[in-house]
Amino acid sequence: MRTYFTKRYNSFRFALKGLGAAVRSEPHMRLHILSAVAVVVAGVAFEVNRVEWCLLVGSIGLVFTAEVFNTAIETLTNLVSPEFNPLAGKAKDLAAGAVLAAAIMAAVIGTIVFLPYLLRFLEPYL
Ligand SMILES: Nc1ncnc2c1ncn2[C@@H]1O[C@H](COP(=O)(O)OP(=O)(O)OP(=O)(O)O)[C@@H](O)[C@H]1O
């Protein structure tokens with residue numbers, strides 16, 4: 001039983017180590033974190049509702065997840081094929097494409113959520 005919990009605890013630690021490695025090695029990851037902080041600040045400022053929070057947090061999570069997978073695929077590709085290979089390039093381009101798709105969706109969701117609040121906020125000045 002004790003071994004079971006020690007193993008689960010170690011798996012959790014390794015996963016956190018992976019997240020830390022992604023933040024340290026990937027400038028894009030730091031950009032995503034900065035964007036996420038801006039979204040949370042805007043969400044608090046505009047007092048978005050519960051469903052809107054779920055959409056925003058889901059979008060942030062999707063972009064983070066895609067970036068971590070992208071980093072894993074890049075790392076593995078560099079290990080398996082350090083020399084030029086069209087398939088290695090394709091694998092990296094596909095992984096980067098997944099991050100781009102998630103980021104575009106997040107931007108669309110952010111616009112749908114925040115635009116009405118922004119327009120209401122700016123109404124007196126327009
Ligand atoms: N071994 C390779 N063989 C063929 N093409 C490659 C190879 N490595 C990289 N490429 C091409 O160069 C692009 C950039 O690769 P790179 O490894 O520099 O990733 P990156 O997007 O710059 O990642 P990061 O800036 O996060 O390190 C890839 O998307 C791919 O098109």
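This is a short tour of the structure, one selection at a time.

Before you click anything, note that the model is predicted: local features need pLDDT of at least 70, side-chain atom pairs count only at pLDDT 80 or more, and totals for chains, interfaces and linings use all residues. Residues are numbered from 1 along each chain as its sequence is written.

**Whole chain.** Show the protein chain as a cartoon and you should find four helices and zero strands, in the order α-α-α-α. Helices here are DSSP runs (H or I, at least four residues) and strands are too (E, at least two), numbered from the N terminus. The C-alpha trace spans about 60 × 50 × 20 Å along its principal axes. Its radius of gyration is 19 Å, while a compact globule of 126 residues would come in near 14 Å; the radius is taken over C-alpha atoms, and the globule rule is 2.2 Å times the number of residues to the power 0.38. Just 13% of the 126 residues count as buried. Buried means 20 or more other C-beta atoms within 10 Å of a residue's own, exposed means 12 or fewer, and partly exposed is in between, with C-beta atoms placed from the backbone.

**Select 2-25.** That's helix α1, 24 residues reaching 34 Å from first C-alpha to last, close to the 34 Å expected at 1.5 Å a residue (1.5 Å times one less than the number of residues). α1 is hardly covered, with a buried count of one.

**Select 26 and 74.** UniProt, in an unreviewed entry, lists Glu26 and Glu74 under "binding site"; such annotations may be inferred rather than shown by experiment. They span 49 residues in sequence, yet their C-alpha atoms are no more than 10.9 Å apart, so they gather at one spot. Glu26 sits in the loop between α1 and α2 (27-46) and, leaving out residues up to four places away in sequence, touches Glu67 and Thr71. A contact here means C-beta atoms, placed from the backbone, within 7 Å. Glu74 is in helix α3, and with the same neighbours left out it touches Lys92 and Ala95. Buried or exposed? Glu26 is partly exposed because it has 16 C-beta neighbours inside 10 Å, and Glu74 is partly exposed with 17.

**Select the core.** Finish with the largest nonpolar core, nine residues: Val39, Leu56, Ile60, Val63, Ala66, Val99, Ala102, Ala106 and Val113. Such a core is a set of buried Ala, Val, Leu, Ile, Met, Phe, Trp, Tyr and Cys residues joined through C-beta atoms within 7 Å. α3 (50-80) and α4 (86-122) each supply at least two of its residues. Zoom in on Ile60: beyond its neighbours within four places in sequence, Ile60 contacts Ala36 and Val39.

How values were computed. Contact = placed C-beta atoms within 7 Å.
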